[in-house]
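Me: I have a fold open in my viewer and would like to learn how to read it. Could you walk me through it, one feature at a time?

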Amino acid sequence: MEVRMKGRPGEPGLARQQLCVCGEQLSAQASAAEPWPENAELYQQLKEEQILLSDNASSLAVQAFLQMCNLPIRVVCRANAEYMSPSGKVPFIHVGNQVVSELGPIVQFVKAKGHSLSDGLDEVQKAEMKAYMELVNNMLLTAELYLQWCDDVTVEEITHPRYGSPYPWPLNRILSYQKQWEVRRKMKAIGWAGKTLDQVLEDVDQCCQALSQRLGTQPYFFNKHPTELDALVFGHLFTILTTQLITDALSEKVKNYSNLTAFCRRIEQQYFEGQDKDGSAAVAARSAKRSLLR
């Protein structure tokens, strides 16, 4: 039995569609083959008055990753960065004609350009690294979101004023409540909506304990060289340690593990200290309220 593709004269057939797909793949491959440009940019919200704990942590993780890859990046702060992002999340990078958001896709994009921090790991180590990265995202990132949007005191005194700061009333309140509804719906879906703050802090402590045990006395999680896991952990722990909140309960959980705080100081010194202050990735560590080295 012969099967024919039906279509009107002049309409693109299967062959033309395949050519389009091939053209897109060749374009992507050509873009990946291009060297990393000097004018690459990373977008996030306004540092001093707008960005929240979780977004600052995610942005710092990406900047640390790019620093570890020795890839230059200029930080650009925009009030509407969240709405500019293709995924609706920050940070995102603008490299050549490509726009990529969030750490995972950025890691894959950078790898396609020939830069990887984990190529030296074997398959077992790569699986372990991914498991710990999932742990950080499921525990630390979720705890940050919970604190920002589900703890009533933090919401009223920090989150709503900062999140809506670039916008006039009543838009500032409308956008804040819309974001709060989205996050609380997510918390309900993953079973965190009914948790108390003490239970969330206990989850953070368990995550820190697991990270501390894995790190041990090594300089990095996989001995002498940093990986994507190191960048992710640094982004979240450094931001927790250096961000002024209503209480110090969250940062105290991290401070209980001396090797984790030493880890953050080590990365800050190696990849962010002594850098210029013209908006490059080095300024990320300075966007927090205080430095671990002070």
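**Reading the sheet and its helices**

Reply: Happy to. Let's begin with one pair of residues: Tyr-43 stands opposite Val-76 in β2. Keep in mind throughout that this is a predicted model.

Me: In which sense do β1 and β2 pair, parallel or antiparallel?

Reply: The general idea is that strands in a sheet pair through backbone hydrogen bonds, in either a parallel or an antiparallel way. Here β1 and β2 run in the parallel sense, joined over four bridges.

Me: And in which sense do β3 and β4 pair?

Reply: Strand β3, residues 92-95, pairs with β4 in the antiparallel sense, over four bridges. To find the register on screen, look for Phe-92, which stands opposite Ser-101 in β4.

Me: What is the order of the strands in the sheet?

Reply: The order is β2-β1-β3-β4, four strands in an open sheet with mixed pairing. At the edges are β2 (74-77) and β4 (98-101), each of which pairs on one side only. From one strand to the next, the twist averages 25 degrees.

Me: Which helix packs on the sheet and touches β1, β2 and β3?

Reply: That is α2, residues 53-68; its direction makes about 165 degrees with that of β1 (41-44). Together, β1, α2 and β2 make a right-handed β-α-β unit. Another helix to look at is α4, residues 103-112, which lies across β3 and β4 and runs at about 140 degrees to β4.

Me: How many residues of α2 are buried?

Reply: For reading any helix, remember that an α-helix has 3.6 residues a turn, so residues three or four places apart point the same way. In α2, 16 of its 16 residues are buried, so the helix is mostly covered, taking buried as under 20% relative accessible area.

Me: What span should α2 have, at 1.5 Å a residue?

Reply: Its 16 residues should span 22 Å, and this agrees with the model because the end C-alpha atoms of α2 are 22 Å apart. After α2 comes Asn-70, with a positive phi near 60 degrees.

Me: Where is Asn-138?

Reply: Asn-138 sits in helix α5, which covers residues 123-150.

Me: Why does Asn-138 count as partly exposed?

Reply: The class lies between 20% and 50%, and Asn-138 belongs there because its relative accessibility is 43%. For a link across the sequence, compare Asn-138 with Ile-190: they are 52 residues apart in sequence and 9.8 Å apart in space, C-alpha to C-alpha.

Note on methods
Residues numbered from 1 in each chain as written. Predicted model: local features only at pLDDT ≥ 70, side-chain atom pairs only at ≥ 80, totals over all residues. Heavy atoms only, no water. Pairing = 2+ DSSP bridges. Helix = DSSP H or I, 4+ residues; strand = E, 2+ residues; numbered from the N terminus. Axes fitted to C-alpha atoms, helices over the stretch in contact; angles between N-to-C directions. Contact = heavy atoms within 4.5 Å. Right-handed = clockwise from strand over helix to strand, strands pointing away. Expected span 1.5 Å × (residues − 1). Buried < 20%, exposed > 50% of the residue type's maximum accessible area, 1.4 Å probe, protein only.
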